[in-house]
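I pulled this one up at the bench and kept notes as I went. The entries follow the order in which I looked things up.

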Amino acid sequence: RSARTGRARPPAGRPASRPCHPRVVAPRARLTMLRVSDVPFALAYAATSATLLVANKWALRELALPNVLMLAQFVFSALGVLALHAVGVVHIEAAEWRKVLAFVPVVAIFYAALWANLQAMSHLSVDLVILFRTCTPFAVALGDWAMLGRRLPSAQAWYALCSIALCTAFVFVHEPHLDPVGLAWGAFYYVVLCADQLWLKKFTADVKFSTHARVLYTNAIAAVGALVLTVLGGDWQR
């Protein structure tokens, strides 16, 4: 026996056996399931996103001034959040110049995405613009994996994305004559929208701000740029 442990020593010529430890199996990552309480928010987001495209298309037909339309959207969005903050519904933390300056690249891409959307809407039908938006999750998923270190979607998720894109392409798109200029604007809108979503995710992870504060500062800063472009472009005089 060993003097230290008191265990019996193995016979000569036989290797000592290693102590057995229970095998630890890492638990599998659980998929985030959609809760019943999240369904109204998901439906509201889908309805808002769909009606926004139709409203922008109608507004461009009635008032073909993209900079003025974007200025109105930015101002009303910022005033709406300020009104909710004034009555105590939401809370907006005080602005810090370091965080506000970090908003500038985000606002630039955000403004470019909206401007490209209005340009694409003026040259293409709503169905084709929806098709470009439907294809954005493919690039965003790859960007999340390459830039943010997130996991790729499962095979089931890829199948769902492909099914949605194909249904949009073959069922909802009715474009007898495709304008090359409109397709160029649609492709530009697709690239800028993907960059906007990826940059916004990175910004959200790096700069800690509440959702309502991001909405306020993004629209307030974008309104300044829209006002400058409206005055310089002569849209205000029209």
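**Core.** I went for the nonpolar core before anything else, keeping in mind that this is a predicted model. The largest one has 34 residues, and Phe74, Val129 and Tyr217 make the most contacts inside it. I then asked which helices feed this core with at least two residues each. They are α1 (39–62), α2 (66–86), α3 (97–123), α4 (126–134), α7 (180–206) and α8 (211–232). The largest share comes from α3, with eight residues. Note to self: in soluble globular proteins, nonpolar side chains tend to be buried together.

**Val129.** I clicked on Val129 to see what it touches, leaving out residues up to four places away in sequence. The list is Leu53, Asn117, Ala120, Met121, Leu124 and Tyr189.

**Helix α2.** I checked the span of α2 next. It has 21 residues and reaches 30 Å from its first C-alpha to its last, close to the 30 Å expected at 1.5 Å a residue. Which of its residues are buried? I noted Pro66, Asn67, Val68, Leu69, Met70, Leu71, Phe74, Ala78 and Val81. Phe74 had already turned up among the residues with the most contacts inside the core. The buried residues of α2 pack against α1, α3 and α8. Just after the helix, Gly88 takes a positive phi of about 85 degrees.

**Val228 and Asn67.** I looked at a pair of residues far apart in sequence. Val228 lies in helix α8, and Asn67 is one of the buried residues of α2. They are 161 residues apart along the chain, yet their C-alpha atoms are separated by 9.3 Å. Val228 counts as partly exposed because its relative accessibility is 43%, between the 20% and 50% cut-offs.

**Cysteines.** How many disulfides does the structure hold? I found zero. Why is Cys135 not bonded to Cys194? Their sulfurs are 9.1 Å apart, and Cys194 has the closest cysteine sulfur to Cys135, so the distance is too far for a bond. Cys162 is in no disulfide either; its nearest cysteine sulfur, that of Cys135, is 9.2 Å away. I also checked exposure: Cys135 is partly exposed at a relative accessible area of 24%, and Cys162 is partly exposed at 35%.

**Whole chain.** I stepped back for the overall tally. The protein chain has eight helices and zero strands, so from the N terminus on its elements read α-α-α-α-α-α-α-α. Of its 238 residues, 30% count as buried. Among contacts with a separation of 6 or more, 84% are between residues 24 or more positions apart. The chain exposes about 16600 Å², and carbon and sulfur atoms supply 67% of that.

**Confidence.** Last entry, on how far to trust the coordinates. The average pLDDT of the chain is 77, and 80% of the residues score at least 70. Over residues 21–31 the pLDDT is below 50, and this stretch has one contact in the model beyond near neighbours in sequence. Where pLDDT is low, the predicted coordinates should not be read in detail. I left residues 21–31 out of my close-up looks, given their pLDDT below 50.

Terms used:
Residues are numbered from 1 along each chain as its sequence is written. Side-chain values use heavy atoms; hydrogens and water are left out. A nonpolar core is a set of buried Ala, Val, Leu, Ile, Met, Phe, Trp, Tyr and Cys residues joined through side-chain atoms within 4.5 Å. Buried means under 20% relative accessible area, exposed over 50%, partly exposed in between (1.4 Å probe, protein chains only). Helices (H or I, at least four residues) and strands (E, at least two) are DSSP runs, numbered from the N terminus. Contact means heavy atoms within 4.5 Å. The expected span of a helix is 1.5 Å times one less than its number of residues. pLDDT is the predictor's confidence in each residue, from 0 to 100. A disulfide is a pair of cysteine sulfur atoms within 2.5 Å. Accessible areas come from the Shrake-Rupley method with a 1.4 Å probe; for residues, only the protein chains shown count as cover.
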